[in-house]
Amino acid sequence: MDEKNNKNSIIRLFNVSKRYNGKLALKDVTLDIEQGEFIFISGPSGAGKSTLLKVLYLAEKVSEGQILIDGMNLARISSSRLPFLRRRFGMVFQDFKLIPNRTVYENVALVLEAAGEKPSYIRKKVMHVLRTTGMEKKAKALPPTLSGGEQQRVAVARAVVGEPSIILADEPTGSLDSKSAQMVLDFLMEYHKKGATVLVASHNLHLLESNVRGRNIEIKDGIIERTATML
Amino acid sequence: MTPFFKKALADIRSNRFLNVITIFTISLSILVVSVFLMFFENASRIIESWNQGGRAMIYLTDEFSLDMLPEIKARINALGDIDEMVYISKEQAFDRLKKDMSSQSAFLKTLKDNPLPDALEIRMKFHNSYEEVQRFAGQIKALEVVEDVEYGQGWLGKFLRIFNLFKITGYAMCSMFFLIALFITSNTVRLAFYSRKLEVEIMRLVGASENFIKAPFYMEGLLQGFFGGLLGMVVLLIMYLTISSGITQTLASYIYVDIRFLSVKMILIIILGSTFLGWFGCYLSLRQILK
């Protein structure tokens with residue numbers, strides 16, 4: 001790794017391994033992701049794509065190795081500092097992870113409320129993001145009343161409302177029809193264009209290949225098999 | 001604070017059944033505790049009034065003569081604040097006795113001599129406690145021409161000992177109900193937490209701090225405690241208004257009973273205590289869950 005690359009790296013993994021009950025989900029992964037990159041993590045189910053994302057936002061701790069996020073060593077982050085780290089990420093999940101008894105507006109606003117933003121700023125920002133994602137009219141709706149595509153748009157809105165420097169998306173199009181999947185991908189690309197580093201884990205290689213310009217990291221059995229640039 | 005308050009109210013609304021049960025349980029415990037406290041407040045007051053409003057009878061020895069009266073009065077007055085002091089001669093006392101025993105006055109006619117002693121009836125300015133009266137009576141009894149001092153020490157003393165025993169039992173029961181309420185509140189918070197496990201997980205994932213996550217639960221606990229206490233007081237007031245008039249009417253022909261509701265200070269203490277109970281139950285529960 002040369003000096004120039006080190007300077008621009010926002011995420012760095014050094015020999016990272018993750019074991020579940022003795023079984024390796026990630027094996028000796030070393031990776032360098034530059035600021036503003038669009039990373040596509042592909043591979044079959046159970047390859048370790050989700051685990052790779054989980055160790056980045058500390059939903060799981062690594063068994064071995066080290067991870068640096070913007071120079072911060074995740075192994076040294078105290079539990080009290082963890083929320084501050086997570087606020088740097090915007091996360092999109094396959095199962096959306098929306099709070100069912102809170103409205104669309106409240107779900108999106110939660111990120112800014114947790115960050116201690118002022119109510120007037122929250123109102124302005126949330127409505128802006130909902131407008132961008134086409135969910136403005138559904139602001140008062142509860143997530144269970146929305147379609148899968150709409151719920152994922154809300155999840156994307158929540159992921160980007162805090163203007164995170166890194167967006168992690170775990171199978172964001174997995175349970176969506178092709179139209180909704182395309183829409184979600186467009187939003188992610190839009191925020192990528194604004195400077196965010198985006199990591200998308202998906203097995204839907206075809207959809208991404210035809211849309212995304214970035215780097216494809218192919219994982220199999222917890223090992224990085226191949227890295228290729230998609231044009 | 002306001003967003004947490006609004007959130008807590010919204011959570012109470014969305015988990016209406018669970019919260020109503022908790023508030024009802026707290027109010028029930030508070031009601032039991034308040035009934036005891038009200039009983040003790042009233043009983044203490046009534047006992048004080050039975051304590052003759054600080055009245056005492058000083059029986060004088062046979063050596064007493066009327067010319068000694070000014071000196072004795074001065075010495076008794078010097079011992080403490082006396083509101084009123086009336087000399088009752090043995091003849092006056094005998095006449096009173098005759099009046100009181102009018103139906104059996106024939107028996108009194110058989111007496112050769114007046115057996116009653118000269119006496120002084122006093123009323124003390126300060127008679128806040130039985131112990132105070134007891135101490136003062138002891139000082140009077142030490143005077144040489146004083147035979148005895150009667151201030152209801154026999155039956156009142158015994159009654160007070162029983163009452164104190166009852167008070168200890170009451171406090172034990174109050175503590176027990178407090179613990180029950182605490183246990184139920186703590187379990188309700190635990191249930192609420194588990195029912196919102198997904199919400200808590202999502203909050204953590206989007207960068208919410210532990211304090212941000214806990215705050216609505218604490219607020220909910222405080223509100224449950226406050227409303228539980230308030231409801232308990234309202235129920236107690238209704239019970240008081242319904243029952244007290246009945247009791248007063250029934251017992252009016254026998255004794256004068258003035259049953260009063262809890263003092264404002266006590267009401268505030270109970271509501272504050274109940275609010276604290278809600279918070280503390282929440283604290284215990286969250287400390288265990290988020291260990």
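Hi everyone, let's start with chain A, which has eight helices and 10 strands; helices here are DSSP runs of H or I with at least four residues, strands are runs of E with at least two, and both are numbered from the N terminus. What you see is a predicted model, where local features need pLDDT of at least 70 and side-chain atom pairs count only at pLDDT 80 or more, while totals for chains, interfaces and linings use all residues. Residues are numbered from 1 along each chain as its sequence is written, and chains are lettered from A and ligands numbered from 1 in the order in which they are written.

First, some overall numbers. The model scores ipTM 0.86 and pTM 0.69. For chain B, the mean pLDDT is 82, with 88% of its residues at 70 or more; pLDDT is the predictor's confidence in each residue, from 0 to 100. Confidence in chain B is highest in helix α10 (residues 264-289), at a mean of 91, and lowest in helix α5 (residues 105-109), at 71.

Back to chain A. Of its 231 residues, 41% are buried. Buried means that 20 or more other C-beta atoms lie within 10 Å of a residue's own, exposed means 12 or fewer, and partly exposed is in between, with C-beta atoms placed from the backbone. Among the contacts in chain A with a separation of 6 or more, 69% are between residues 24 or more positions apart; a contact here means two C-beta atoms, placed from the backbone, within 7 Å.

Now, where do those buried residues show up? Take strand β7 of chain A, residues 166-170: five of its five residues are buried, so the strand is largely enclosed by the rest of the structure. I166(A), L168(A) and D170(A) point one way from β7(A), I167(A) and A169(A) point the other way, and all are buried.

β7(A) also has partners on record in the bridge list. Strand β6 of chain A, residues 89-92, pairs with β7(A) in the parallel sense over four bridges, where pairing requires that DSSP finds at least two bridges between two strands. Within that pair, M91(A) has L168(A) as its bridge partner. β7(A) pairs with strand β8 of chain A, residues 197-201, again in the parallel sense, over five bridges, and there D170(A) is matched with A201(A). Put helix α7 of chain A, residues 178-193, together with β7(A) and β8(A), and you get a right-handed β-α-β unit. Right-handed means that, with the strands pointing away from the viewer, the path from the first strand over the helix to the second runs clockwise.

Follow β8(A) and you reach strand β3 of chain A, residues 38-42, which is mostly covered, with five of its five residues buried. Four bridges join β3(A) to β8(A) in parallel, with I39(A) opposite L199(A). β3(A) also pairs in the parallel sense with strand β9 of chain A, residues 214-220, over four bridges, and F40(A) stands opposite N216(A) there.

There is an antiparallel sheet as well. Chain A has an open sheet of four strands in the order β2-β1-β4-β5. Its edge strands are β2 (23-34) and β5 (72-73), each pairing on one side only. Strand β1, residues 9-20, is joined to strand β4, residues 64-69, by five antiparallel bridges in chain A, and L13(A) stands opposite I67(A).

Next, two backbone angles worth a look. Most residues other than glycine have a negative phi. F96(A), though, has a positive phi near 65°, and K97(A) has one of about 50°. F96(A) sits in the loop between β6 and α4 of chain A, and so does K97(A). Are they buried or exposed? F96(A) is buried, with 22 other C-beta atoms within 10 Å, while K97(A) counts as partly exposed, with 19.

Finally, the interface. How many residues does each chain bring to the contact? Chain A gives 13 residues and chain B gives 11. On the chain A side, α3 (82-86) and α4 (104-114) give two or more residues, and α4(A) has the largest share, four residues. That side divides into seven nonpolar, one polar and five charged residues; Ala, Val, Leu, Ile, Met, Phe, Trp, Tyr, Cys and Pro count as nonpolar, Asp, Glu, Lys and Arg as charged, and the others, Gly among them, as polar.

Thanks, and over to you for questions!
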